[in-house]
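Here are some exercises to work through with the model open beside you. Try each task before you read its solution.

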Amino acid sequence: MEANTRSTGRLPAAFLTPGSSSFMDFLGEHSPELLPGNRPLPPVQGAIEAPHGTTIVAVTFPGGVVLAGDRRATMGNVIAQRDIEKVFPADEYSAVGIAGTAGIAVEMVKLFQLELEHFEKVEGTVLSLEGKANRLSTMIRGNLGMAMQGLAVVPLFAGWDVDREKGRIFSYDVTGGRSEERGYAVTGSGSMFARGALKKLYREDLGEEQAATAVLQALYDAADDDSATGGPDLARRIFPIITSITEDGFKRFGEDEVAELARAIHERRLEEPDGPRAALL
(Lines give C-alpha, C1' and ligand atoms only; values in the text may rest on other atoms or scores of the structure.)
Protein backbone atom coordinates (compact mmCIF):
# COMPACT_ATOMS: atom_id res chain seq x y z
CA MET A 1 0.00 0.00 0.00
CA GLU A 2 2.78 2.43 0.96
CA ALA A 3 4.79 1.68 -2.19
CA ASN A 4 1.70 2.09 -4.36
CA THR A 5 0.93 5.41 -2.72
CA ARG A 6 4.41 6.68 -3.44
CA SER A 7 4.32 5.58 -7.08
CA THR A 8 0.88 6.99 -7.88
CA GLY A 9 1.03 10.05 -5.65
CA ARG A 10 -2.49 9.30 -4.41
CA LEU A 11 -3.73 8.86 -0.88
CA PRO A 12 -5.16 5.48 0.23
CA ALA A 13 -8.92 5.15 -0.21
CA ALA A 14 -9.43 5.19 3.58
CA PHE A 15 -8.07 8.73 3.70
CA LEU A 16 -10.47 9.88 0.99
CA THR A 17 -13.58 8.30 2.48
CA PRO A 18 -13.37 8.63 6.29
CA GLY A 19 -15.92 6.46 8.03
CA SER A 20 -16.38 8.78 11.00
CA SER A 21 -17.35 12.41 11.41
CA SER A 22 -14.78 12.63 14.21
CA PHE A 23 -11.30 13.64 13.12
CA MET A 24 -9.93 12.37 16.44
CA ASP A 25 -11.37 8.90 15.80
CA PHE A 26 -10.00 8.94 12.26
CA LEU A 27 -6.55 9.97 13.47
CA GLY A 28 -6.67 7.39 16.26
CA GLU A 29 -7.41 4.65 13.72
CA HIS A 30 -4.75 5.54 11.13
CA SER A 31 -2.00 7.39 13.08
CA PRO A 32 -2.68 7.04 16.82
CA GLU A 33 0.88 8.07 17.68
CA LEU A 34 0.03 11.63 16.55
CA LEU A 35 -2.49 12.11 19.35
CA PRO A 36 -0.87 13.95 22.31
CA GLY A 37 -2.21 11.49 24.89
CA ASN A 38 -0.73 8.49 23.05
CA ARG A 39 2.87 9.65 23.09
CA PRO A 40 5.02 7.67 25.54
CA LEU A 41 6.89 9.71 28.12
CA PRO A 42 10.15 8.64 29.78
CA PRO A 43 10.00 7.78 33.48
CA VAL A 44 10.26 10.94 35.57
CA GLN A 45 10.67 11.75 39.23
CA GLY A 46 9.23 14.94 40.62
CA ALA A 47 7.47 17.74 38.76
CA ILE A 48 8.15 18.35 35.06
CA GLU A 49 9.34 21.88 34.33
CA ALA A 50 7.47 23.11 31.24
CA PRO A 51 5.92 26.46 30.35
CA HIS A 52 2.44 26.82 31.82
CA GLY A 53 -0.33 29.17 30.82
CA THR A 54 -2.30 30.65 33.66
CA THR A 55 -5.49 32.66 34.09
CA ILE A 56 -8.49 32.56 31.75
CA VAL A 57 -11.75 34.42 32.41
CA ALA A 58 -15.16 34.30 30.69
CA VAL A 59 -18.30 36.39 31.23
CA THR A 60 -21.70 36.16 29.54
CA PHE A 61 -23.78 39.20 28.63
CA PRO A 62 -27.21 39.45 26.96
CA GLY A 63 -25.70 39.52 23.46
CA GLY A 64 -23.03 36.86 23.82
CA VAL A 65 -19.94 35.96 25.83
CA VAL A 66 -16.52 37.48 26.44
CA LEU A 67 -13.46 35.22 26.83
CA ALA A 68 -10.09 36.64 27.90
CA GLY A 69 -6.68 35.58 29.12
CA ASP A 70 -3.49 37.11 30.45
CA ARG A 71 -0.24 36.82 28.46
CA ARG A 72 2.21 35.26 30.92
CA ALA A 73 3.62 31.74 30.80
CA THR A 74 5.68 30.50 33.74
CA MET A 75 8.14 27.68 34.28
CA GLY A 76 8.48 27.13 38.00
CA ASN A 77 9.32 30.50 39.51
CA VAL A 78 10.57 31.89 36.18
CA ILE A 79 8.59 33.88 33.60
CA ALA A 80 9.00 31.73 30.48
CA GLN A 81 7.13 34.08 28.11
CA ARG A 82 5.50 37.48 28.53
CA ASP A 83 3.32 37.56 25.43
CA ILE A 84 1.92 34.06 24.96
CA GLU A 85 -1.52 33.79 23.37
CA LYS A 86 -4.00 31.68 25.32
CA VAL A 87 -7.33 32.44 23.65
CA PHE A 88 -8.14 30.96 20.22
CA PRO A 89 -11.20 30.73 17.99
CA ALA A 90 -12.43 27.14 17.75
CA ASP A 91 -14.73 27.99 14.84
CA GLU A 92 -16.96 30.89 13.81
CA TYR A 93 -19.12 30.74 16.94
CA SER A 94 -16.87 29.41 19.70
CA ALA A 95 -13.48 29.92 21.34
CA VAL A 96 -11.11 28.18 23.74
CA GLY A 97 -8.96 29.68 26.47
CA ILE A 98 -6.10 27.47 27.61
CA ALA A 99 -4.56 26.99 31.04
CA GLY A 100 -2.00 24.33 31.89
CA THR A 101 0.98 22.97 29.97
CA ALA A 102 1.31 25.47 27.14
CA GLY A 103 2.73 23.30 24.37
CA ILE A 104 0.20 20.48 24.78
CA ALA A 105 -2.64 22.97 25.23
CA VAL A 106 -1.88 24.77 21.95
CA GLU A 107 -1.63 21.44 20.13
CA MET A 108 -4.94 20.34 21.63
CA VAL A 109 -6.61 23.53 20.41
CA LYS A 110 -5.31 22.98 16.87
CA LEU A 111 -6.65 19.42 16.91
CA PHE A 112 -9.97 20.70 18.24
CA GLN A 113 -10.19 23.22 15.40
CA LEU A 114 -9.55 20.40 12.91
CA GLU A 115 -12.12 18.22 14.66
CA LEU A 116 -14.85 20.83 14.19
CA GLU A 117 -13.86 21.57 10.61
CA HIS A 118 -13.73 17.85 9.80
CA PHE A 119 -17.22 17.29 11.22
CA GLU A 120 -18.65 20.18 9.20
CA LYS A 121 -17.13 18.90 5.95
CA VAL A 122 -18.17 15.27 6.47
CA GLU A 123 -21.67 15.92 7.84
CA GLY A 124 -22.43 19.08 5.86
CA THR A 125 -23.63 20.86 9.00
CA VAL A 126 -22.17 22.61 12.04
CA LEU A 127 -21.93 20.74 15.33
CA SER A 128 -24.10 22.19 18.09
CA LEU A 129 -22.39 24.14 20.87
CA GLU A 130 -23.23 21.32 23.29
CA GLY A 131 -21.67 18.85 20.86
CA LYS A 132 -18.51 20.95 20.58
CA ALA A 133 -18.22 21.06 24.37
CA ASN A 134 -18.55 17.27 24.48
CA ARG A 135 -15.87 16.78 21.82
CA LEU A 136 -13.45 18.93 23.79
CA SER A 137 -14.25 16.91 26.91
CA THR A 138 -13.25 13.72 25.09
CA MET A 139 -9.95 15.26 23.99
CA ILE A 140 -9.10 16.34 27.54
CA ARG A 141 -9.91 12.85 28.83
CA GLY A 142 -7.55 11.44 26.22
CA ASN A 143 -4.74 13.47 27.78
CA LEU A 144 -5.32 12.03 31.26
CA GLY A 145 -2.14 9.92 31.23
CA MET A 146 -0.01 12.99 30.62
CA ALA A 147 -2.02 14.99 33.15
CA MET A 148 -1.13 12.44 35.81
CA GLN A 149 2.54 13.13 35.01
CA GLY A 150 2.14 16.86 35.45
CA LEU A 151 1.29 17.85 31.85
CA ALA A 152 -2.32 18.86 32.43
CA VAL A 153 -4.53 21.03 30.22
CA VAL A 154 -7.61 22.69 31.75
CA PRO A 155 -9.33 25.01 29.26
CA LEU A 156 -12.44 27.18 29.25
CA PHE A 157 -14.78 26.82 26.28
CA ALA A 158 -17.25 29.54 25.36
CA GLY A 159 -19.48 30.30 22.43
CA TRP A 160 -22.73 31.57 20.98
CA ASP A 161 -25.47 28.95 21.01
CA VAL A 162 -27.27 29.47 17.70
CA ASP A 163 -30.27 27.38 18.79
CA ARG A 164 -30.76 29.01 22.20
CA GLU A 165 -29.57 32.43 20.99
CA LYS A 166 -27.31 33.14 23.95
CA GLY A 167 -23.70 32.93 25.08
CA ARG A 168 -22.65 29.87 27.12
CA ILE A 169 -19.52 28.87 29.06
CA PHE A 170 -18.17 25.39 29.82
CA SER A 171 -15.40 24.54 32.28
CA TYR A 172 -13.45 21.28 32.61
CA ASP A 173 -11.31 19.27 34.99
CA VAL A 174 -8.26 17.19 34.05
CA THR A 175 -10.38 14.04 33.61
CA GLY A 176 -12.55 15.70 30.98
CA GLY A 177 -15.42 16.33 33.38
CA ARG A 178 -17.54 19.14 31.96
CA SER A 179 -19.70 21.73 33.72
CA GLU A 180 -21.74 24.56 32.28
CA GLU A 181 -21.13 27.79 34.17
CA ARG A 182 -23.69 30.50 34.81
CA GLY A 183 -22.70 34.11 34.29
CA TYR A 184 -18.95 33.79 34.54
CA ALA A 185 -16.15 31.27 34.90
CA VAL A 186 -12.40 31.21 35.51
CA THR A 187 -9.56 28.72 35.32
CA GLY A 188 -5.82 28.73 35.94
CA SER A 189 -3.53 29.64 38.80
CA GLY A 190 -5.10 33.05 39.38
CA SER A 191 -8.66 31.76 39.22
CA MET A 192 -9.33 32.17 42.94
CA PHE A 193 -8.64 35.91 42.80
CA ALA A 194 -10.31 36.47 39.43
CA ARG A 195 -13.45 34.68 40.65
CA GLY A 196 -13.53 36.84 43.76
CA ALA A 197 -13.39 39.97 41.61
CA LEU A 198 -16.16 38.81 39.29
CA LYS A 199 -18.42 37.96 42.22
CA LYS A 200 -18.51 41.68 42.96
CA LEU A 201 -18.44 43.03 39.39
CA TYR A 202 -20.73 40.73 37.42
CA ARG A 203 -24.27 41.74 36.52
CA GLU A 204 -26.66 40.06 34.12
CA ASP A 205 -27.28 43.28 32.19
CA LEU A 206 -23.65 44.02 31.25
CA GLY A 207 -22.98 45.28 27.74
CA GLU A 208 -20.14 43.90 25.64
CA GLU A 209 -17.67 46.66 26.58
CA GLN A 210 -18.69 46.44 30.23
CA ALA A 211 -18.12 42.68 30.16
CA ALA A 212 -14.69 43.29 28.61
CA THR A 213 -13.92 45.79 31.39
CA ALA A 214 -15.06 43.28 34.03
CA VAL A 215 -12.76 40.50 32.75
CA LEU A 216 -9.88 42.96 32.55
CA GLN A 217 -10.50 44.04 36.15
CA ALA A 218 -10.59 40.36 37.18
CA LEU A 219 -7.28 39.66 35.43
CA TYR A 220 -5.80 42.75 37.09
CA ASP A 221 -6.84 41.42 40.51
CA ALA A 222 -5.48 37.96 39.67
CA ALA A 223 -2.12 39.46 38.68
CA ASP A 224 -2.10 41.48 41.89
CA ASP A 225 -2.14 38.32 44.06
CA ASP A 226 -0.86 35.53 41.77
CA SER A 227 2.72 35.76 40.54
CA ALA A 228 1.99 33.41 37.61
CA THR A 229 -0.62 35.77 36.14
CA GLY A 230 0.61 38.72 34.11
CA GLY A 231 -1.16 42.06 34.35
CA PRO A 232 -1.23 44.70 31.61
CA ASP A 233 2.39 45.60 30.72
CA LEU A 234 2.14 49.27 29.79
CA ALA A 235 5.89 49.65 29.19
CA ARG A 236 6.07 46.78 26.66
CA ARG A 237 2.54 47.30 25.34
CA ILE A 238 1.57 43.73 26.20
CA PHE A 239 -2.10 43.50 27.12
CA PRO A 240 -4.50 40.62 27.82
CA ILE A 241 -6.29 39.06 24.88
CA ILE A 242 -10.00 39.82 24.96
CA THR A 243 -12.47 38.20 22.57
CA SER A 244 -16.23 38.11 22.22
CA ILE A 245 -18.57 35.67 20.51
CA THR A 246 -22.01 36.92 19.49
CA GLU A 247 -24.59 36.13 16.81
CA ASP A 248 -22.17 37.85 14.41
CA GLY A 249 -19.44 35.34 15.27
CA PHE A 250 -16.01 35.46 16.87
CA LYS A 251 -14.26 38.80 17.33
CA ARG A 252 -10.94 39.69 18.89
CA PHE A 253 -10.72 43.13 20.46
CA GLY A 254 -8.10 45.30 18.77
CA GLU A 255 -4.88 46.02 20.62
CA ASP A 256 -5.71 49.73 20.79
CA GLU A 257 -9.13 48.97 22.31
CA VAL A 258 -7.63 46.75 25.01
CA ALA A 259 -4.82 49.23 25.63
CA GLU A 260 -7.33 52.03 26.19
CA LEU A 261 -9.33 49.94 28.67
CA ALA A 262 -6.15 48.80 30.44
CA ARG A 263 -4.83 52.35 30.79
CA ALA A 264 -8.16 53.59 32.14
CA ILE A 265 -8.17 50.81 34.76
CA HIS A 266 -4.52 51.48 35.62
CA GLU A 267 -5.14 55.19 36.10
CA ARG A 268 -8.09 54.45 38.35
CA ARG A 269 -6.05 51.96 40.36
CA LEU A 270 -3.47 54.61 41.11
CA GLU A 271 -6.22 56.14 43.26
CA GLU A 272 -7.84 52.88 44.41
CA PRO A 273 -5.20 50.08 44.22
CA ASP A 274 -7.71 47.40 45.24
CA GLY A 275 -10.11 48.20 42.43
CA PRO A 276 -13.82 49.07 42.33
CA ARG A 277 -15.82 48.87 45.53
CA ALA A 278 -19.01 46.84 45.75
CA ALA A 279 -22.01 48.05 47.73
CA LEU A 280 -22.51 46.38 51.12
CA LEU A 281 -26.21 45.82 50.45
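A residue is called buried when its relative accessible area is under 20%, exposed when it is over 50%, and partly exposed in between. Keep in mind that you are looking at a predicted model.

**Exercise 1. Check helix α4 and find its buried residues**

Task: Compare the expected span of α4 with the distance between its end C-alpha atoms, and list which of its residues are buried.

Solution:
- Start with the length. Helix α4 covers residues 102-123, which makes 22 residues.
- The expected span is 1.5 Å times one less than the number of residues, and for α4 this comes to 32 Å.
- Now take the model: the end C-alpha atoms are 31 Å apart, which agrees with the expected span.
- Apply the burial cut-off along the helix. The buried residues are A102, I104, A105, M108, V109, L111, F112, E115, L116, H118 and F119.
- Look just past the helix: G124 follows α4 and has a positive phi, near 75°.

**Exercise 2. Lay out the sheet beside α4**

Task: Give the strand order of the sheet that contains β6, name its edges, and place two helices against it.

Solution:
- The order is β6-β7-β9-β10-β11, an open sheet of five strands with antiparallel pairing.
- Strands β6 (87-91) and β11 (178-181) are the edges; each has a single partner strand, so one side of each is left without a neighbour in the sheet.
- Ignoring direction, neighbouring strands here are turned by 25° against each other on average.
- Zoom in on one pair: β6 and β7 (residues 94-97) run antiparallel and are joined by four bridges. V87 has G97 as its bridge partner in β7.
- Helix α4 lies across β6, β7 and β9 (156-161), at about 20° to β6.
- Helix α5 (residues 129-142) also packs on this sheet, where it touches β6, β7, β9, β10 (166-172) and β11. The direction of α5 makes about 15° with that of β10.

**Exercise 3. Follow the side chain of D91**

Task: Which polar partners does the side chain of D91 reach?

Solution:
- Locate D91 in strand β6.
- One partner is the backbone nitrogen of Y93, at 3.1 Å.
- Another is the side chain of K132, in a polar contact of 2.7 Å.
- Widen the search to contacts, leaving aside neighbours within four places in sequence: D91 meets L116, V126, K132 and F250.

**Exercise 4. Build the other sheet**

Task: What is the order of the strands in the sheet that contains β13, and how are β13 and β14 joined?

Solution:
- Five strands make this open sheet, in the order β12-β2-β3-β13-β14, and they pair antiparallel.
- At the edges are β12 and β14 (249-252), each pairing on one side only.
- The average turn between neighbouring strands is 15°, direction ignored.
- At one end, four bridges link the antiparallel strands β2 and β12, with A185 of β12 as the bridge partner of A58.
- At β13 and β14, four bridges again join an antiparallel pair. I245 has F250 as its bridge partner in β14.
- A hairpin of two residues leads from β13 to β14.

**Exercise 5. Compare T243 and I242**

Task: Is T243 buried or exposed, and what does I242 touch?

Solution:
- T243 belongs to strand β13 (residues 241-246). Its relative accessibility is 0%, so T243 is buried.
- Beyond four places in sequence, T243 contacts V65, V66, L67, V87, F250, K251, R252 and F253.
- With the same kind of neighbours left out, I242 touches V66, L67, A68, A212, V215, L216, K251, R252, F253 and V258.
- I242 is among the residues with the most contacts inside the largest nonpolar core, together with V57, V59, L198 and V215. That core has 28 residues.
- Helix α8 (208-225) is one of the elements giving two or more residues to the core, and α8 gives the most, with nine.
- Another core, of 25 residues, lies apart from this one and includes V96, A105, F112 and L136.

**Exercise 6. Examine two positive phi values**

Task: Where do E165 and R237 lie, and how accessible are they?

Solution:
- E165 sits in the loop between β9 and β10. Its phi is positive, about 55°, although E165 is not a glycine.
- With a relative accessible area of 58%, E165 is exposed.
- R237 is in the loop between α8 and β13, and its phi is also positive, near 55°.
- At 36% relative accessibility, R237 is partly exposed.

Technical notes: Residues numbered from 1 in each chain as written. Predicted model: local features only at pLDDT ≥ 70, side-chain atom pairs only at ≥ 80, totals over all residues. Heavy atoms only, no water. Buried < 20%, exposed > 50% of the residue type's maximum accessible area, 1.4 Å probe, protein only. Core = buried A, V, L, I, M, F, W, Y, C linked by side-chain atoms within 4.5 Å. Contact = heavy atoms within 4.5 Å. Pairing = 2+ DSSP bridges. Axes fitted to C-alpha atoms, helices over the stretch in contact; angles between N-to-C directions. Polar contact = N/O pair within 3.5 Å; in protein donor to acceptor, adjacent residues only side chain to side chain.
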